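Got your viewer open? Load the model and follow along, one selection at a time.

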Amino acid sequence: MKNAKGKGAVKVSKEALKPVDDRKIGKRKASSKPDKGSAPKAKKEKAKKDPNKPKRPPSAFFVFLEEFRKTFKAENPNVKAVSAVGKAGGEKWKSLSSAEKAPYEAKAAKRKVEYEKLMKAYDKKQASSADDDESDKSKSEVNDEDDEASAEDHQEEDEEEDDDDEEDEDDD
């Protein structure tokens with residue numbers, strides 16, 4: 001083979017072919033984000049929340065916290081941090097016996113039953129509105145088909161009348 005000279009030739013120095021000493025130059029750091037693909041993935045869009053949907057009921061702990069907040073704020077009026085109230089409430093909840101937790105669990109169960117009733121009513125309402133949407137759509141499709149069929153019938157009638165008119169003119 002001939003030595004390549006000209007436009008396509010690339011000179012490579014002897015230093016470029018030597019292995020790099022990591023201790024002198026320093027090791028390269030790994031990139032912070034691995035490059036799996038050239039195109040970024042599209043983010044999934046969250047489904048929009050229905051403001052009419054009933055909120056989930058609080059657990060027994062949160063029912064307890066509702067009352068505990070009032071007493072804690074009365075005892076410690078200078079504490080403004082929400083986290084302090086939450087930590088104190090958590091410690092108090094852990095120290096309660098199951099007998100002391102029972103009234104809060106009963107209240108939570110009662111709220112859950114009410115929530116389930118509301119959800120059943122909400123689901124029925126959603127199902128009926130979905131049925132209404134479908135029935136409206138099907139009605140409009142049927143009406144559109146009827147309109148198209150009647151339009152075709154009218155067009156055929158008009159063509160027949162035109163043919164009759166032409167025959168009458170030929171007779172004259």
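**Start with the charged pairs**

This is a predicted model, and counting pairs of a Lys or Arg side-chain nitrogen within 4 Å of a carboxyl oxygen of Asp or Glu gives two salt bridges. Select Glu66 and Arg111 to see one of them: the closest N and O atoms sit 3.2 Å apart. This pair ties together distant parts of the chain, with Glu66 in helix α3 and Arg111 in helix α5, 45 residues apart. Turn on the surface and you'll find Glu66 partly exposed, at 33% relative accessible area, and Arg111 partly exposed too, at 31%.

Now pick Glu67 and Lys107. Their closest N and O atoms are 2.8 Å apart, and they form a salt bridge. Here again distant parts of the chain are linked: Glu67 belongs to helix α3 and Lys107 to helix α5, 40 residues apart. Glu67 is partly exposed at 33% relative accessible area, and Lys107 is partly exposed at 38%.

**Zoom out**

Colour by secondary structure. The protein chain shows five helices and zero strands. Only count a residue as buried if its relative accessible area is under 20%; buried residues then make up 11% of the 172 in the chain. Of the contacts with a separation of 6 or more, 78% are between residues 24 or more positions apart.

**Walk along α3**

Select residues 60-75. At 1.5 Å a residue, these 16 residues should span 22 Å, and the end C-alpha atoms are 23 Å apart, which agrees. Look down the helix for a kink of about 30 degrees, centred on Phe68. Phe68 is also one of the buried residues of α3, which include Val63 and Phe72.

**Into the core**

Next, show side chains for Ala60, Val63, Phe64, Leu65, Phe68, Phe72, Val85, Ala88, Trp93, Leu96, Tyr104 and Ala108: these 12 residues are the largest nonpolar core. Helices α3, α4 (82-95) and α5 (98-171) each supply at least two of them, and α3 gives the largest share, six residues.

Stay with α4 for a moment. Its 14 residues reach 20 Å from first C-alpha to last, close to the 20 Å expected at 1.5 Å a residue. Among its buried residues are Gly89, Gly90 and Trp93.

**Last stop: a lysine**

Select Lys101, in helix α5. Which side chain of opposite charge is nearest to Lys101? Glu105 is, at 6.0 Å, and Lys101 is buried yet has no salt bridge. Leaving out residues up to four places away in sequence, Lys101 touches Trp93 and Leu96.

Definitions and conventions
Residues are numbered from 1 along each chain as its sequence is written. This is a predicted model: local features need pLDDT of at least 70, side-chain atom pairs count only at pLDDT 80 or more; totals for chains, interfaces and linings use all residues. Side-chain values use heavy atoms; hydrogens and water are left out. Helices (H or I, at least four residues) and strands (E, at least two) are DSSP runs, numbered from the N terminus. The expected span of a helix is 1.5 Å times one less than its number of residues. The bend at a residue is the angle between axes fitted to the seven residues ending there and the seven starting there. Buried means under 20% relative accessible area, exposed over 50%, partly exposed in between (1.4 Å probe, protein chains only). A nonpolar core is a set of buried Ala, Val, Leu, Ile, Met, Phe, Trp, Tyr and Cys residues joined through side-chain atoms within 4.5 Å. Lys and Arg count as positive and Asp and Glu as negative; His and the chain ends are not counted. Contact means heavy atoms within 4.5 Å.
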